[in-house]
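Hi,

Here's the structure I promised to pass on. Have a look at it first, and my notes on what turned up are underneath.

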Amino acid sequence: MCFAADENTVVIRLVTDKSVNKAVLMCSDPFINELTRKKSWYGKPDEMKLEMELENGLVWSSRIEPPFKRLQYYFKLFCKDGECLLFDNKLCTEEDKDNSFTLYYKFPWINPSDVIAPPQWVRDTVWYQIMPDRFCRSVNSAELPSLLPWGGPVRDPYRAYYGGDLRGITERLPYLRELGIGGIYLTPVFLSGSYHRYNTFDYKTIDPLLGSEEDMRELVRTAHELGIRVMLDGVFNHCGTEFFAWRDVCEKGRDSEYYDWFFINREDFLSPRFDTADKRYFTFSFWAGMPKLNTNNPEVIGYFTDICSYWVREWDIDGIRFDVGDEVSHTFLRELRIALKKLKKDIFLLGEMWFDAIKWLDGTEYDSVMNYPMSECINDFTRKKSVTARDFMYALNRCLLMYPEQVEQVLFNFLDTHDTTRAAEECKGNTDLIIQKLAMLFTMPGTPCIYYGTEIALKGRDPSDNRSCMPWDGIEQGKYDGMLKEVKKLVAIRNTNSFISGTNFEYIMHDEPRLLHYVRKDPETGRSIGVCINAGDSHADIKAEGRLLYSNLYNGERLEMNGTLIYEC
């Protein structure tokens with residue numbers, strides 16, 4: 001991988017097998033021989049740093065500042081059997097280098113407008129995900145017969161409304177600020193046919209059950225006064241069946257001016273079937289109630305560009321999370337990004353991705369994606385006794401290799417979301433294990449997010465119970481004070497050590513295979529924070545050489561099973 005880290009610096013990474021014990025980058029300006037009047041191009045050596053280790057390989061890196069913004073290069077690799085040269089088109093020895101055509105690697109030019117530059121504020125933000133219907137019902141909200149008692153049992157998991165609203169969120173912003181939250185991510189808030197609102201009917205109308213446009217303005221205004229950013233969920237891959245364009249198509253068929261806004265494959269596309277396995281039209285998954293929008297259509301692109309511009313202009317939101325962000329067209333994302341960045345340069349555009357999303361992260365589409373691979377690294381380590389600290393290192397290093405470093409610093413990290421089993425459920429309610437996972441979350445590169453209720457260890461496995469109501473009565477009665485106290489400590493460590501968002505990582509291996517120990521370093525000040533997680537079946541001997549920042553089940557030089565230790569070193 002080769003990328004521009006900023007307007008002056010090129011970062012080059014090389015993955016080799018473990019037989020290589022030294023790698024040298026041979027690099028220079030591609031036209032240097034013309035300047036020096038030499039017959040052929042030559043490169044100057046730069047010994048590469050061994051950056052990380054993979055299960056079956058090593059990762060070497062160099063940071064170069066080309067004086068003329070251009071770079072041409074190849075590699076010299078050294079192992080016990082000798083040395084070889086790696087070019088873009090061949091691997092050969094020094095003697096064989098000139099026997100056939102040689103193609104050099106090249107970084108043609110550092111164009112400032114092409115340098116990936118996510119909003120800097122995201123690096124320093126701890127997020128909090130809220131499902132509005134389940135977070136908080138405001139003090140003066142209307143008692144509607146359609147609403148279930150707050151926290152009561154769910155009768156229909158897909159149509160159960162509890163009455164959480166925007167004013168309720170605004171009333172609880174001081175709670176979030178005290179927790180240390182710097183950004184809130186709201187799942188959809190627009191008029192729809194379900195409590196989760198991922199089947200949107202009207203992208204400009206706040207669902208009346210949640211409040212009004214003025215309630216949204218007040219929420220954003222109050223959040224900003226408290227130093228909290230606001231990100232909305234945009235569902236542009238599909239819509240609900242009451243969306244005006246879909247209604248028009250259902251009424252007029254091919255005569256509808258919106259027919260090409262969707263992917264309709266049969267004349268008789270209307271059917272009472274709840275699924276679309278018959279391909280009569282394309283939908284999100286196979287849900288007939290969520291017809292898929294054609295985001296290749298210029299009219300669709302223009303419509304949603306206007307919609308998003310309205311959210312930014314009228315409500316001053318700070319970010320948009322794109323639901324099913326891998327299925328909307330690249331053209332849609334590029335054009336929408338240009339329009340939104342003109343309105344608000346530092347708006348944060350986040351894609352929902354569950355896999356390696358490098359194709360969307362070249363700086364022309366998303367700023368970041370939801371980091372499911374890292375979430376799985378943490379879950380695998382805490383869930384499976386067979387996974388060692390070294391296994392975790394290999395898995396996490398693979399994650400850190402996916403993207404340029406400036407993207408890694410803003411990847412959206414989490415333990416759980418509305419789409420997954422809750423962290424407390426994964427840990428079977430074991431508070432010490434939850435603390436371990438949170439300690440890992442808050443000391444990883446990227447920007448961390450808490451799913452509402454995770455800070456008090458709410459449990460839940462599927463959509464019928466992982467979206468339960470926030471138990472405010474219990475919180476106010478002090479029922480969760482112990483857990484909240486621990487989480488606040490961890491959030492504070494993250495908020496006061498912004499360098500943690502960077503990618504500088506060092507592992508320390510111990511005899512105990514499930515004692516995870518890593519150090520996060522600040523390359524500018526030299527400060528370091530050490531993190532120890534004992535996931536083994538017995539206590540571990542460990543000495544914290546520095547000031548304790550957080551300790552759980554740590555006694556002197558012993559870290560007990562399920563213990564967590566964070567220290568400044």
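Before the pocket, a word on labels: strands here are DSSP runs of E, at least two residues long, numbered from the N terminus, and helices are runs of H or I with at least four residues. Also keep in mind that this is a predicted model.

Now the pocket. The largest one has a volume of about 1,100 Å³, and 42 residues line it. Nearest its centre you'll find R63, E405, T503, N504 and P523. Which element gives the most to the lining? That's β5, with 5 residues. Several elements supply at least two residues each, among them the strands β2 (10-16), β4 (44-47) and β6 (57-64), plus the helices α10 (389-400) and α11 (405-408). By residue class, the lining of this largest pocket splits into 17 nonpolar, 10 polar and 15 charged.

Then there are two backbone spots to look at. Most residues other than glycine have a negative phi. K428 has a positive one, near 55°, and N562 also has a positive value, near 70°.

Where do they sit? K428 is in the loop between α12 (423-426) and α13 (431-441), while N562 is in strand β26, which covers residues 558-568.

And are they buried or exposed? K428 counts as exposed because its relative accessibility is 71%, and the cut-off is over 50%. N562 has a relative accessible area of 13%, so with the limit for buried at under 20%, N562 is buried.

Cheers

Technical notes. Residues are numbered from 1 along each chain as its sequence is written. This is a predicted model: local features need pLDDT of at least 70, side-chain atom pairs count only at pLDDT 80 or more; totals for chains, interfaces and linings use all residues. Side-chain values use heavy atoms; hydrogens and water are left out. Buried means under 20% relative accessible area, exposed over 50%, partly exposed in between (1.4 Å probe, protein chains only). On a 1 Å grid over the protein atoms alone, a cavity is a set of points where a 1.4 Å probe fits but cannot get out, and a pocket is an open set with protein on both sides within 12 Å along at least five of seven lines; lining residues have an atom within 4 Å of a point. Grid points are joined across faces, edges and corners, and a volume is the space filled by probe spheres set on the points. Ala, Val, Leu, Ile, Met, Phe, Trp, Tyr, Cys and Pro count as nonpolar, Asp, Glu, Lys and Arg as charged, and the others, Gly among them, as polar.
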